[in-house]
Each structure stands twice: as structure tokens, then as C-alpha cells.
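This briefing goes through one chain, from its surface and overall dimensions to a few individual residues. Please keep the sequence and the model open while reading.

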Amino acid sequence: MREILNLLTTKDTMMTKVVLITGASSGMGEMTARFLHENGYTVYAGTRDKNLATPTISGVNNIYLDVTDTNSMEAAVSEIMAKESKIDVLVNNAGYGLVSSAEEATDEEIFKQFDVNVFGLMKMTRTVLPYMREAKSGIIINISSFLGKMGLPLLSHYNASKYAVEGFVDSIRFEMTPYNVRVHSIQSGLFGTNFVKKGLVANSNTTSESSPYKDLVAHFVPIVAKAINEGPNPQPIADAVKTIIEDKNSPIAIPVGNEATSFVPLRKELSDEDFEAKIKETFGL
């Protein structure tokens, strides 16, 4: 009887958790929102589309949230707190990738890459932290990338943004540990989402025939596009989010997907020079 009561108590506690996910109108964010809702969580799916008044996922609450707009983030958190009195979990999922050589990227492109992937994530985290700190409870999960641990050509700005996310995670964990707030990253590999269509933005000079990098673009961009377009279903990302929420002993960073589980451990094993040589060999660079 005691075991049954314990199970019921655990289930009830899980079902009351309130989760806010940024960038949840498509791809990994949408799948995670759907999956957590199906598993009993109260989910708020952040979207930049103000017209999504009707939830795209039955039972999931859509909420306007643009990670480049501080006011929208504060308003979203205030609305959730007014309705739920708490935010148990923040999933920082919003992000995109700039495809550009370092030489040809514009000021605007560089700033926007960091504004979404880094500054938006930091500001979103800053917005929920006071509530989690006061409650002495909370979980922040950042959807990062295996490219936060290694470099690839034409993605240097995206890579740098994910390196920044990894550094942010490693640092604020020290600040939040006394308040029982866990901070994690999921180092995602390449999954079959609409990231190529919606999540990649290409610099027009880099992709032009006059670019000094046109041969590199012709060789490398199709490799990345094919890996995403033909990649596996991103359900493992949603699984990892749920695992982190429910297992207080989850690792700080979890590599998910073929590229992540291959390259992240390899990066730790090899010297910088040997790892670079391996990447050149793997991608024919």
C-alpha cells in the first residue's frame, strides 16, 4: 500500500510541474512541448507569432515570447506566474544558425546570431531566476549543440554562440546550487527537423559565385543540409528534457544524437591538433 501511495504522490508532483519552452512553435521545441504535455506537465509554448491564439497542440498553452524582446519575456513570465504561481522548468530552446564565412558576415548578422542564441537565453534565464531562487526549486535546460564543443567551417558564429551557452551553464550552476536550482545543457546532434528551412540563415556573399569560399560552400553546406534533412526524429531531445526534469542526478551536459555522442567524447580524448585532423578527415576538409 505504501508503494502505491508513493507512486501516486510522485505522479501527482510530476503532473503539477509548470514548464516554459522558448521557440516551441516548431521542431524540437514543439515536439518537447507535446511530449511533456502528454506526460502530465503543464506546458507553456513560447512563440514569436502573436496570431497563435489557438494552441497548435491541444492542451498546451501558447504564449507570445520573443527572446530578442525583453519586454515580451518579462510579460510572458508575469502571465504564467499570475496563472500558475510558479515556473518549475525553463527550456531555452529558441535559436538558429548563421551560415557565413568569418570574413563576410555583417555586423547585423553577427549581432543577431548572439542576440537570439546567447543574449536571449541569458535574459530569459535572468527573468525566471528570482522566482526559482525564492522557491528554492527550479530546473533550467538549455538546448545547446555538439558544436558548442567543436568547430566547423562556415558555422563559426553559431559555434561561438553555443560555446558561450556552455560557458554560461558551467558558471551559473555555482550561483544557483545553494538555491536548489539545477542548470543543464543538452548538446544536440543533427536531427531531422525543419532547421534547414527555418533555422539556417545564409550570408548572401558567402553563398554567391563570387565568394572566395565558394568551393568550401559547395562541398560542406550540402553535407550539413543532408544530415539535417535526412536525420533521425528529434524525439531523443524531448526524452532527454524529461529525464533531466525527473532525475535530480542527471549529468550537467547530455550529448544527444549521433554527432554529439561521437564527437563530444572524442573531443575530450584527443589533443586539439589530433581532433582537428579527425574533423578534417571526417568532412573531407
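About 14,200 Å² of the chain is exposed, and carbon and sulfur atoms supply 52% of that area. The model is a predicted one. Its mean pLDDT is 90, with 91% of the residues at 70 or more. Residues 4-15 have a pLDDT below 50, and this stretch has seven contacts in the model beyond near neighbours in sequence.

**Overall build**

- The chain contains 10 helices and nine strands.
- The radius of gyration is 19 Å, which agrees with the value near 19 Å that a compact globule of 285 residues would have.
- Taken along the principal axes, the box filled by the C-alpha atoms of the chain is roughly 65 × 45 × 35 Å.
- Of the 285 residues in the chain, 47% are buried.
- When contacts between residues at least 6 apart in sequence are considered, 71% of them join residues at least 24 apart.

**Charge**

- Positive side chains number 27 and negative side chains 34.
- The centres of these two sets of charges lie 6 Å apart.

**Asn92, a residue in a strand**

- Strand S4, which covers residues 89-92, includes Asn92.
- Asn92 counts as buried because its relative accessibility is 3%, and the cut-off for buried is under 20%.
- Outside its neighbours within four places in sequence, Asn92 has contacts with Thr22, Leu121, Met124, Thr125, Ile140, Ile141, Asn142 and Ile143.
- Among these partners, Ile140, Ile141, Asn142 and Ile143 fall within the range of strand S6 (138-145).
- Leu121, Met124 and Thr125 are also contacts of Asn92, and their numbers fall within helix H4 (107-135).
- Asn51 is 41 residues from Asn92 along the chain, and the C-alpha atoms of the two are separated by 22 Å.

**Positive phi in two loops**

- Most residues other than glycine have a negative phi.
- Lys136 is not a glycine, yet its phi is positive, at about 50°.
- The loop that holds Lys136 runs between helix H4 (107-135) and strand S6 (138-145).
- With 49% relative accessibility, Lys136 counts as partly exposed, since exposed would require over 50%.
- Asn180, likewise not a glycine, has a positive phi of about 60°.
- Asn180 sits in the loop between helix H5 (156-176) and strand S7 (181-188).

**Lys50, a residue in a loop**

- Lys50 belongs to the loop between strand S2 (42-47) and strand S3 (61-64).
- Is Lys50 buried or exposed? Lys50 is exposed, because its relative accessible area is 63%, and the cut-off for exposed is over 50%.
- Lys50 and Ile63 are 13 residues apart along the chain, and their C-alpha atoms are separated by 8.2 Å.
- Ile63, by its number, falls within strand S3 (61-64).

Terms used:
Residues numbered from 1 in each chain as written. Predicted model: local features only at pLDDT ≥ 70, side-chain atom pairs only at ≥ 80, totals over all residues. Heavy atoms only, no water. pLDDT = per-residue confidence, 0-100. Contact = heavy atoms within 4.5 Å. Helix = DSSP H or I, 4+ residues; strand = E, 2+ residues; numbered from the N terminus. Rg over C-alpha atoms; globule rule 2.2 N^0.38 Å. Buried < 20%, exposed > 50% of the residue type's maximum accessible area, 1.4 Å probe, protein only. Areas by Shrake-Rupley, 256 points an atom, 1.4 Å probe, with all protein chains shown as cover. Lys, Arg positive; Asp, Glu negative; His and termini not counted. Charge placed at Lys NZ, Arg CZ, Asp CG, Glu CD.
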